[in-house]
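I opened this entry to keep a record of what I looked up, in the order in which I looked it up. The structure comes first, and my notes follow.

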Amino acid sequence: METAKGERWITWIIKISGYSSILFVSLILFFLAREGFPALGEVPLKDLFGARWYPIEGYFGIWPLIFGSVLVTVGALLIGIPFGIGTAVYLSELAPAWIKNILKPIIEILAGLPSVVLGFLGIQLAAPFFRQFLNLPTGLTAFTGAVLLGFIAIPTIVSISEDALNTVPSTYRHGALALGANHWQTIWGVTVPAARSGLLTAVMLGVGRSIGETMAVMMVTGNAPVLPRSLNALFLPARTMTATIASEMGEVATGSTHYHVLFFIGIVLFGISLAVNLTASSLALRSRKRAERLLS
Amino acid sequence: MSAKISVQNLTLMYSDGVESLQNVSIDIIANAVNVLFGPAGGGKSTLLRALNRLNDLADVDTAQGKIVFNEQNILDPATDVIELRRKVGMVFSRPAPLPLSVYENVIYGLRLMGERNKSLLDERVEQSLRQAVLWDEVYDRLNDPGTSLSGGQQQRLCIARVLALEPEVIMLDEPTSALDPVSTAKIEGMLATLKERLTIILVPHNVQQAARTADYAGFFLQGRLVEYAPGKELFLKPREKETQDYVTGRFG
């Protein structure tokens, strides 16, 4: 009798904590919408997606910010994906056990490094280096941000990719080897394609991590909200959506147009992250279904 | 009856100290079904994996003795393993088609060799699938993923992809352990036809299968080859007490 009662209590506690997370997320959504959507009424849509971000003069064009985010994120992925997947392949397919046992935990610790620390390294080391090396007027550029973000995304990509490669059944590898494939052909022809969906999930989460990153990019990208005119923009200062919100939110008058537009940027950012996460999880789900088919 | 592969005094030890094969000598007879059977841990799979050097992946500490195939000792480090694995094909116990179409699965080994001739590939696909008694079931869906086939079909697909390389020897490690009786019968029937062309080494998943299929049978117990004889002889009047006890189901 007593235990049945205790059981009911525990069930309730678990239920409430489960529902509460849904509640919190919907509250955040509600708040974001309430503060952000008025911007659509206050600033004409044409101006909101205009080319100039200069809030003090009343220019609320968020294109330069979206573009800054995309530029930095794409740059980060161009760095993060090859290095991340390469490292994962090395760890799972080539490295001797003892190297793997040392490297994997280190990479996972790297994933937990506060981004402000990386930003600090970026300002002190990366920016001066790039300024000299590439002969730029300033080292605080979109490129510096992309490199730094790439480094932030790499541990996430490595960790998840490595897990994905590990779940490829060893029978695939043995099957390929027994047919006369060499190590290299087995890795690129069989193991990596078989882990494809897991690798995609890793990349997507890497994207999520980069696009939402604030502190590090704010410190090293130079914070100039200009719409890029050429590819050269990569080596000029830029500003991302996240950095804009973080740097301006503290000084804005509550309830003003500027305030509402900053929240609207938050909504745009939320939309992008949601799209990325949905893509990632639908890919992961598809791979699970395939695995189930294999087992049946 | 001539020996296709001659294993001479093979002793194999893994680096964790487990001795897997102790002084095993066995002649694999050409154009016959050579059955290697016995309880788990007896060294059957280890022997198979030594024959195509798949053991290179494991931590093998010592390998003494000789394995002679086509007048060459394949344990010699200078052996071209890739060439060897094309001649000595292997089928695993769990069917694992590669994540490719049926067609691509069959020609995977040929592709690795750099074969591009489309008509030769087409021809080889049909020939191998026919030999594996699978053609009639899949000829109209060669472009479907290999994993969309049933378990029994997947296993025959794995056999077909080995046959596509036209090996001299095909080794099957408990190929029917995950299959239903009908698929099992199909594969056993196929072996009887295949042996006219090549040499078969089979690790069966039970004694009954060993007795049904063996032209020659070797009984392995804890790394030793207890007895090796023509199938009928070994199952009807085994020389060794241990063989008799296992065959009659007294232990195992």
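**The open sheet of chain B**

I began with the sheet of chain B, where I find six strands forming an open sheet in the order β6-β7-β8-β3-β9-β10, with mixed pairing. At its edges I noted β6 (88-91) and β10 (224-230) of chain B, each of which pairs on one side only. From one strand to the next, I read an average twist of 15 degrees. This is a predicted model, and I keep that in mind for every entry below.

Within this sheet I looked up the pair made by strand β3 (residues 33-37) and strand β9 (residues 216-221) of chain B, which run parallel and are joined over four bridges. In that pair I found Phe37(B) opposite Phe219(B) of β9(B).

**The pairings of β4 in chain B**

I then turned to β4(B), which is joined to strand β1 (residues 3-14) of chain B by eight bridges, the two strands running antiparallel. As one point of register I wrote down Thr11(B), whose bridge partner in β4(B) is Gln64(B).

I also followed β4(B) to strand β5 (residues 72-73) of chain B, with which it pairs in the antiparallel sense over two bridges. Here Phe69(B) stands opposite Gln72(B) of β5(B). The hairpin of these two strands has two residues between them, and I noted that Asn70(B) takes a positive phi near 50 degrees there.

**Confidence in chain B**

For chain B I recorded an average pLDDT of 89, with 98% of the residues scoring at least 70. Strand β4 (residues 60-69), whose pairings I had just traced, is where confidence in chain B is lowest, at a mean of 84, while strand β8 (residues 199-203) has the highest, at 95.

**Chain A**

Moving to chain A, I counted 13 helices and two strands in its secondary structure. The C-alpha trace of chain A spans about 70 × 70 × 35 Å along its principal axes, and 39% of its 296 residues are buried. Of the contacts in chain A between residues at least 6 apart in sequence, I noted that 75% join residues at least 24 apart.

I looked at one helix in detail, α5 (residues 97-111) of chain A, whose 15 residues reach 21 Å from the first C-alpha to the last, close to the 21 Å expected at 1.5 Å a residue. I marked α5(A) as hardly covered, since one of its 15 residues is buried.

The mean pLDDT of chain A is 86, and 95% of its residues reach 70 or more. Among the elements of chain A, helix α4 (residues 63-94) has the highest mean pLDDT, at 91, and α13(A) the lowest, at 78. As a reminder to myself, predicted coordinates should not be read in detail where pLDDT is low.

**Where the two chains meet**

Which helices of chain A each supply at least two residues of the side that touches chain B? I first noted that 18 residues of chain A are in contact with 19 residues of chain B. The helices I was asking about are α8 (170-178), α9 (183-194) and α13 (257-295) of chain A, and α8(A) gives the most, with seven residues. On this side of chain A, I sorted the residues into eleven nonpolar, six polar and one charged.

I closed with the scores of the model, ipTM 0.83 and pTM 0.76. One of the contributing helices, α13(A), is also the element with the lowest mean pLDDT in chain A, and I leave that beside the entry on the contacts.

Definitions and conventions
Residues are numbered from 1 along each chain as its sequence is written. Chains are lettered from A and ligands numbered from 1 in the order in which they are written. This is a predicted model: local features need pLDDT of at least 70, side-chain atom pairs count only at pLDDT 80 or more; totals for chains, interfaces and linings use all residues. pLDDT is the predictor's confidence in each residue, from 0 to 100. Two residues are in contact if their C-beta atoms, placed from the backbone, lie within 7 Å. Ala, Val, Leu, Ile, Met, Phe, Trp, Tyr, Cys and Pro count as nonpolar, Asp, Glu, Lys and Arg as charged, and the others, Gly among them, as polar. Two strands pair if DSSP finds at least two bridges between them. Axes are lines fitted to C-alpha atoms, for helices over the stretch in contact, and angles run from 0 to 180 degrees between N-to-C directions. A residue is buried if 20 or more other C-beta atoms lie within 10 Å of its own, exposed if 12 or fewer, and partly exposed in between; C-beta atoms are placed from the backbone. The expected span of a helix is 1.5 Å times one less than its number of residues.
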